[in-house]
Amino acid sequence: MSLVITSNQDTDVRNATDQSIYSAYSYRNELPSTYKIPRDSQVCLQSAKVNVDGRAQLSAKNTIYYEWFGVELDQSDLDAIDLTTSYPIKQEFGEKGKILELTPEEVAVQVQNKHIEFHPNRKGFFECNASEDADGNFVGYDFVSKQNISDGYTTTGRPTEFTKFYSDSTESRFSYSSFTFSRNASLGEAEVPCVGIGLQKPLSLANGSFTVDFSNANASGAPWGVGLSRYTPNHERTGYFPEYFDVSFDVDESNSMVLTTDDKLYFEDIGVHRNSDGELVIRQAVPLATGEMGYREVKYYNNTSSDLADPDTRYDLTTNTGGYEWIRFVCAGEKISIYIGHSGATDLVTEFTAGQDKETYPKPICQTMWCMHPVLSVSDNGSTVISNSLTIDQYSGLPISGYDPTAPEKGGWYENFAVLKDQAGLAQCFEVDFRSINDIDDPTEYTPKELNASGAIDYKPAMIVSPNKVYAPTQLASTADIFGFGRNSVVNDGTTALADSLYSLTFSSSVVPNLASTSQSIFIRLRNFGQQVLNARAKTKSTIIAQLPTADEDIAGVGKLFYEPNRDVWLDLNNSEELVVSDFNIDLIYVNEQYAKVLEGQTIVVLYFRPKTRDERRFE
């Protein structure tokens, strides 16, 4: 039996310039003369000493938390989430297949850079900062979420371009200039609408308004539509609809309110229209008994709070006795209010009113609808008019850097899953869209959340850092220790502030984060010998000879660690002839065969070599 001592350097002095063959995690010891190992020999680890520098070691498994932007849920009610408009949003700042080795400051940067925000009033405002005490000691993290509460973008936020949003033709039947959306009636059939969607900026949900002057199109007797909608990508596969939208379902004339045939529809979450009979009609996309989504009419005229209330009678836009010129949407939190007016009056068409039938007011703004865009439509009246138009007077479009609902992670929650064609994610969207609070045939009444006294959406945001059965599904949450939230699963108590039209909420670590809880097992790899090891996790052959139990609670942490196996595990070198060795190459790696660069200073690895025993040879 022979003992071989290897080391990268002579002392434990940390030297930042040590690299390559001298590093603590990968080094080579060259011999002044050759070293001979007999044929049919074996190797095992006798002992090892390493120095861990204290950085967090983060894998995809311990870098997951969930964000909740919604009302507070009752922890005694496992079904509480079903009566909300929200869904837990998975956040992951690790990288699949890779171990990240990060200082607290680097963890904060990674969390901030990887955070995905889907609510338009919060986009671009998330921060994560590492905090220190007066002595410069790391004490935890501050997670800061901010909301834009300003509604001051009513004119500057107006779109400067529209995108085709209708599948009947390859032609864009409209022009858009100086905020006026005009139909070219010389293109195609008269009853086919020209439809566009403005994708540049989502509408603010903090009293954001969208006002359109319809007087030109209305004077021509042309059907028109003014709506708000999520964007629906993947048109080549689903058409201009969510994939769970039923284009053929026809209830209370909701599909034929604007057009003459069922196959000539376009999507909007909610829209105000003049139909082919000259009536003011509102439709919205809601759950149907078929198990799909479809249009149902909003019967504003049966809502006693409406200024247009007239039982079972739609307002007549042909006579237009009120002299109305424009339609306005106002969105505050989850509540949609619709107004109609002219220069001297503003009248309420409909909004949520307690005690009224659900079919008389708009559904609440759910997480699938967070990023809403203006949708405009103008049909022809069949005459020689070729320029029927709608003009946008106001639109509170939020100026979000990099916003793009056609790209992953750049738009809304629904849009993200649709762009990625993520069926599991779209199933989550389906669940939210089909909750009973959105079903107008379900008697469950839901009061939409509006704004708080500071002008922010009146929610109780939370971080879910370990699995919680009420805020579900959050079974993969794994960051309570590294974020410093102790035994807390749901973190929803923070400090608030208001400055520069931004309402901020900060969650701070309740205890000093336990970076040692992230320790990953380290393995020793002896290169250039013939031992045969299968690393099933990495799906590859390996030359690993031993594991250092650095994930064991008794020895995990920072500083010098020493390990000596309780028993020798001998590995065959499979050398049928004598080996002549001129150097020893040692790597210290994680299970994915990635270098463990958290090691510093001096590493010592002591190896045993021996010829295979006769008994072992006899049983081969």
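**Close-up views of the predicted model**

**View 1. A side-chain contact of Ser23 with the backbone of Ser26.** A polar atom of the Ser23 side chain is placed 2.7 Å from the backbone oxygen of Ser26. The model shown here and in the following views is predicted. Ser23 belongs to the loop that links β1 (2-7) and β2 (26-37). With a relative accessibility of 4%, Ser23 counts as buried, because the cut-off for this class is under 20%.

**View 2. The open sheet of seven strands.** The strands follow the order β11-β12-β23-β14-β19-β20-β21, and their pairing is antiparallel. The edges are formed by β11 (174-177) and β21 (345-350), each of which pairs on one side only. From one strand to the next, the twist averages 25°. At the β21 edge, β20 (residues 335-342) pairs with β21 in the antiparallel sense through five bridges. Within this pairing, Ile340 has Asp347 of β21 as its bridge partner.

**View 3. The crossing of helices α4 and α5.** The axes of α4 (residues 413-420) and α5 (residues 423-433) approach to within 8 Å and cross at roughly 145°. The crossing of these two helices is left-handed. On the α4 side, the contact is made by Trp413, Tyr414, Phe417 and Ala418; on the α5 side, Gly425, Leu426, Gln428, Cys429 and Val432 take part. Of the residues in this contact, seven are nonpolar and two are polar, while no charged residue is present.

**View 4. Strand β31 and its pairing with β28.** Strand β31 (residues 544-548) has four of its five residues buried, so this strand is largely enclosed by the rest of the structure. Strand β28 (residues 522-527) runs antiparallel to β31 and is joined to it by four bridges. One residue of this pairing is Ile522, whose bridge partner in β31 is Leu548.

**View 5. The surroundings of Asp442.** Asp442 is located in the loop between α5 and β24 (462-464). Its relative accessible area is 22%, and Asp442 is therefore classed as partly exposed. The side chain of Asp442 is joined to that of Thr444 by a polar contact of 2.6 Å. When neighbours within four places in sequence are left aside, the residues in contact with Asp442 are Lys358 and Ser436. Leu515 is 73 residues from Asp442 along the chain, and the C-alpha atoms of the two are separated by 49 Å.

**View 6. The cis peptide bond between Ala472 and Pro473.** The peptide bond joining Ala472 to Pro473 is cis, with an omega of about 5°. Pro473 is situated in the loop between β24 and α6 (480-483). For context, most peptide bonds are trans.

**View 7. Positive phi angles at Asp312 and Asn574.** Most residues other than glycine have a negative phi. Asp312, although not a glycine, has a positive phi of about 60°. Asp312 is found in the loop between β18 (293-297) and β19 (326-332) and, with a relative accessibility of 64%, counts as exposed. Asn574, likewise not a glycine, has a positive phi of about 55°. Asn574 occupies a place in the loop between β33 (571-572) and β34 (579-589). At 48% relative accessibility, Asn574 is classed as partly exposed.

Definitions and conventions
Residues numbered from 1 in each chain as written. Predicted model: local features only at pLDDT ≥ 70, side-chain atom pairs only at ≥ 80, totals over all residues. Heavy atoms only, no water. Pairing = 2+ DSSP bridges. Axes fitted to C-alpha atoms, helices over the stretch in contact; angles between N-to-C directions. Left-handed = near helix turned anticlockwise from the far one by under 90°. Contact = heavy atoms within 4.5 Å. Nonpolar A, V, L, I, M, F, W, Y, C, P; charged D, E, K, R; others polar. Buried < 20%, exposed > 50% of the residue type's maximum accessible area, 1.4 Å probe, protein only. Polar contact = N/O pair within 3.5 Å; in protein donor to acceptor, adjacent residues only side chain to side chain.
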